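The report below goes through the chains and then through selected residues.

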Amino acid sequence: MSFWINPLKVAADWLEGLLTGWGLDPTLAHVLVAFLGVMLLIVILMVIDIFLVWIERKTVARFQDRLGPNRLGPFGLIQPFADIIKLIIKEDTTPGGADKVVYNLAPILSMMSVLVVWAVVPLAPVMLGVDLNVGVLFLIAAGAIGTLSIIMAGWSSNNKFALIGGFRQVAVMVAFEIPMLTMLMIPTILAGSMNMNDIIQAQGGRWFFLLSPLGALIFLIAAIAELGRAPFDLAEGESELVAGFNIEYSGMKFGMFYAGELLHAMTFGGIWAILFFGGYRFFGLELVSPFLAIPIFLAKALIGYWIIMWVKYTMMRIRIDQMLIFNWVFLTPLSFVLLMVTALLNVLLRDASTWVYAVSMFASNLLVGWIALEVARSMSKKERTKGEGNSLSLRRGVG
Amino acid sequence: MNEWLYVALFVFVGLLIPVGAIAAGFIFGPKKANPIKKSTYECGIEPVGEVWVQFKAQYYIFALVFLVFDVEAVFLFPWAVKLGQLGLYAVVEGILFITILIVGLVYTWRKGMLEWV
Amino acid sequence: MSAEQIIFLVVGVFTLLAGLMVVTTRNLIHAALWLVATLFGVAVLYTLLNAGFMAVVQVVVYIGAIAILFIFAVMLTRRDLRDRGPQMNRNWWAGALIALLTFAGLFFLLSGWGSASRVAGVIPSGFDAVGQLGEQLVSPQAYVLPFEVASVLLVAAMVGAVYTAFNRK
């Protein structure tokens with residue numbers, strides 16, 4: 001196999017041959033080469049993470065009609081490195097009375113839960129960390145570890161605001177995991193497998209976004225809530241709870257939370273691209289070489305990340321009770337209804353032509369979304385008139 | 001070789017990187033602790049009272065409803081994987097499963113348990 | 001000893017130690033976190049048995065939902081999270097005796113079971129575990145009735161929680 005088709009395997013085989021030539025046990029050589037591969041991927045991810053800080057600051061600046069960092073280096077590109085150096089040389093204060101082990105473990109687990117997701121993300125048709133049979137559920141498992149790390153951070157800081165912020169954040173995160181799980185089932189149904197690579201390969205005819213636009217939208221909303229970004233960032237709202245669960249963290253520990261959140265956002269951009277927008281597929285370009293597939297995937301992930309940033313810097317923050325009611329009363333039933341409709345249509349129209357299948361799926365999504373909005377509108381109108389009716393009667397009673 | 005070994009490698013390296021970064025911070029940062037720095041933050045004033053807030057019962061209800069739906073989703077995943085090859089019978093079974101749980105959710109909502117009092 | 005056996009021993013010992021810490025530590029939140037470690041150890045044991053789906057489900061449901069529920073419940077009901085009572089009560093010798101007898105009985109039973117020295121069976125490649133599970137869950141000759149009854153059970157759990165919390169309000 002040539003270097004252009006499968007560079008990693010060629011490099012790994014060469015390295016393994018070298019190591020066994022030096023007398024190392026073959027399985028140990030294999031594990032060592034795998035370890036080096038994993039190290040390479042994660043170091044590249046951390047470098048991308050550093051540049052995400054720059055992207056974030058420049059984008060928010062442009063949204064707010066200003067320039068953003070432009071002093072250090074051309075276009076301010078050295079700025080994130082200065083930020084890293086600043087965070088490293090800051091003092092690491094631990095609040096008195098904090099639970100030391102849990103306090104230090106929380107940022108580590110938070111970052112780990114983001115990095116481990118990349119084990120199942122396919123970067124190219126042959127470049128995949130682990131070809132897990134249950135790749136889709138693995139995402140939720142990593143999210144569970146992230147949720148746990150937030151509770152640990154909030155509780156161990158010995159600070160009322162951190163405690164409240166941590167619990168609110170976890171309540172929101174677990175609430176929005178249900179629509180996310182349900183929307184993860186839709187690509188599973190359409191592709192017939194939980195394997196991420198299979199889901200990408202099944203999007204050959206058309207991307208799943210065209211088959212299930214409402215699914216993609218609900219997944220995006222649930223993902224933004226999972227990330228804890230605006231408009232769902234009540235728990236770390238800068239004007240409300242100071243900084244939520246990471247009040248007492250300084251220096252690199254705070255850096256882990258912050259950079260972890262940005263990397264998590266880009267990871268979810270990538271997952272959204274894989275599940276609904278074809279991953280590394282682009283009209284056959286990805287078959288030429290992985291060196292073409294990886295930039296395609298990264299471009300889609302960054303577009304997803306840009307959309308998440310766009311939502312953050314455009315919409316207002318929602319109150320916690322509004323968030324939770326929105327999820328449990330609107331989004332969860334809607335996502336289950338969409339799942340049922342998708343499953344039903346998949347079975348009924350399986351043998352029809354692909355054109356009929358695609359159009360009917362798309363139309364059913366729009367219909368379900370429209371009906372849901374109408375129901376929500378009528379219910380909210382009823383509640384609003386109920387409230388206004390009360391105030392009117394009060395006025396009549398007084399005057 | 002068991003593919004989960006690679007997952008274990010990812011977990012290991014994923015733990016190594018943050019530990020390395022925090023250790024770098026520990027090595028290079030000043031360590032001048034004093035009691036003022038160690039006190040917790042409470043809007044700039046001295047912390048009042050113990051760190052124990054009246055914990056709302058709502059958190060528990062939400063976590064429980066989430067648990068029920070999480071288990072439901074886990075049951076539905078194998079159903080979703082095989083849905084491409086199964087017939088209408090399987091779809092109806094799945095729809096029945098989901099409907100029973102939606103009825104439970106509606107019951108919880110109408111009883112007012114989903115209000116953030 | 002093969003590598004798999006070594007890994008199994010290490011993970012098993014870790015899980016047992018974590019379980020021991022759950023019941024002996026004085027701080028309730030620490031107990032909940034040691035429980036998370038125990039559940040994670042069980043998930044790793046599932047992967048050693050080539051049951052990847054069960055491992056991931058263990059993390060998603062047990063660690064992601066049940067452990068969080070435990071932590072919420074602990075925070076809801078206890079003002080003082082440290083247990084100041086004695087670790088052992090007066091009848092510790094009776095408890096130790098019963099535990100020892102139970103352990104001896106289990107050891108006697110399991111020593112006659114020949115599978116303790118086997119490694120996990122190799123799953124034939126191409127065996128789609130999750131797909132088979134899905135088929136069994138909805139096929140009328142297999143587990144469709146437990147599948148539907150499970151949903152009723154879950155609704156019963158929700159109704160029970162609503163009833164309990166409603167009265168208290």
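Two residues are in contact when heavy atoms of theirs lie within 4.5 Å. The model discussed here is predicted. In chain B, among the contacts between residues at least 6 apart in sequence, 63% join residues at least 24 apart. For chain A, the share on the same basis is 76%.

**Chains A and B**

Chain A contains 13 helices and two strands. Chain B has four helices and zero strands, and its pattern along the sequence reads α-α-α-α. The table sets out burial and accessible surface for these two chains.

| Chain | Residues | Buried share | Exposed area | Share of area from carbon and sulfur |
|---|---|---|---|---|
| Chain A | 399 residues | 57% | about 16,500 Å² | 70% |
| Chain B | 117 residues | 49% | about 5,600 Å² | 71% |

The overall dimensions of chain A can be stated in two ways. Its C-alpha atoms fill a box of roughly 95 × 65 × 40 Å along the principal axes. How does the radius of gyration of chain A agree with that of a compact globule? A compact globule of 399 residues would have a radius of gyration near 21 Å, and chain A has 24 Å, which agrees.

Chain A carries 27 positive and 26 negative charges. The mean position of the positive charges and that of the negative charges are 11 Å apart.

**Chain C**

For chain C, the domain assignment gives two entries: domain 1 covers 1-82 and domain 2 covers 130-169. The centres of domain 1 and domain 2 of chain C, taken over C-alpha atoms, are separated by 24 Å.

**Positive phi in a loop of chain A**

Most residues other than glycine have a negative phi. Against that background, D65(A) has a positive phi of about 60 degrees although it is not a glycine. F75(A), likewise not a glycine, also has a positive phi of about 60 degrees.

Where in chain A is D65(A) found? D65(A) is in the loop between α2 (26-63) and α3 (79-88) of chain A. F75(A) is placed in the loop between α2 and α3 of chain A as well.

Are these residues buried or exposed? The cut-off for exposed is a relative accessible area over 50%. D65(A) has a relative accessible area of 75%, so D65(A) is exposed. F75(A) is exposed too, because its relative accessible area is 62%.

**I108(A) and its contacts with chain B**

I108(A) is found in helix α4 of chain A, which spans residues 100-115. A residue is buried when its relative accessible area is under 20%. The value for I108(A) is 12%, and therefore I108(A) counts as buried.

Which residues does I108(A) touch, not counting residues up to four places away in sequence? The residues touched by I108(A) are L15(B), P18(B), V19(B) and I22(B).

Within chain A, I108(A) can also be placed relative to I224(A). These two residues are 116 residues apart along the chain, and 22 Å separate their C-alpha atoms.

In short, the loop between α2 and α3 of chain A holds D65(A) and F75(A), both with a positive phi of about 60 degrees. In helix α4 of chain A lies I108(A), a residue that touches L15(B), P18(B), V19(B) and I22(B).

Note on methods:
Residues numbered from 1 in each chain as written. Chains lettered and ligands numbered in written order. Predicted model: local features only at pLDDT ≥ 70, side-chain atom pairs only at ≥ 80, totals over all residues. Heavy atoms only, no water. Rg over C-alpha atoms; globule rule 2.2 N^0.38 Å. Buried < 20%, exposed > 50% of the residue type's maximum accessible area, 1.4 Å probe, protein only. Areas by Shrake-Rupley, 256 points an atom, 1.4 Å probe, with all protein chains shown as cover. Lys, Arg positive; Asp, Glu negative; His and termini not counted. Charge placed at Lys NZ, Arg CZ, Asp CG, Glu CD. Domains from an automatic or database assignment.
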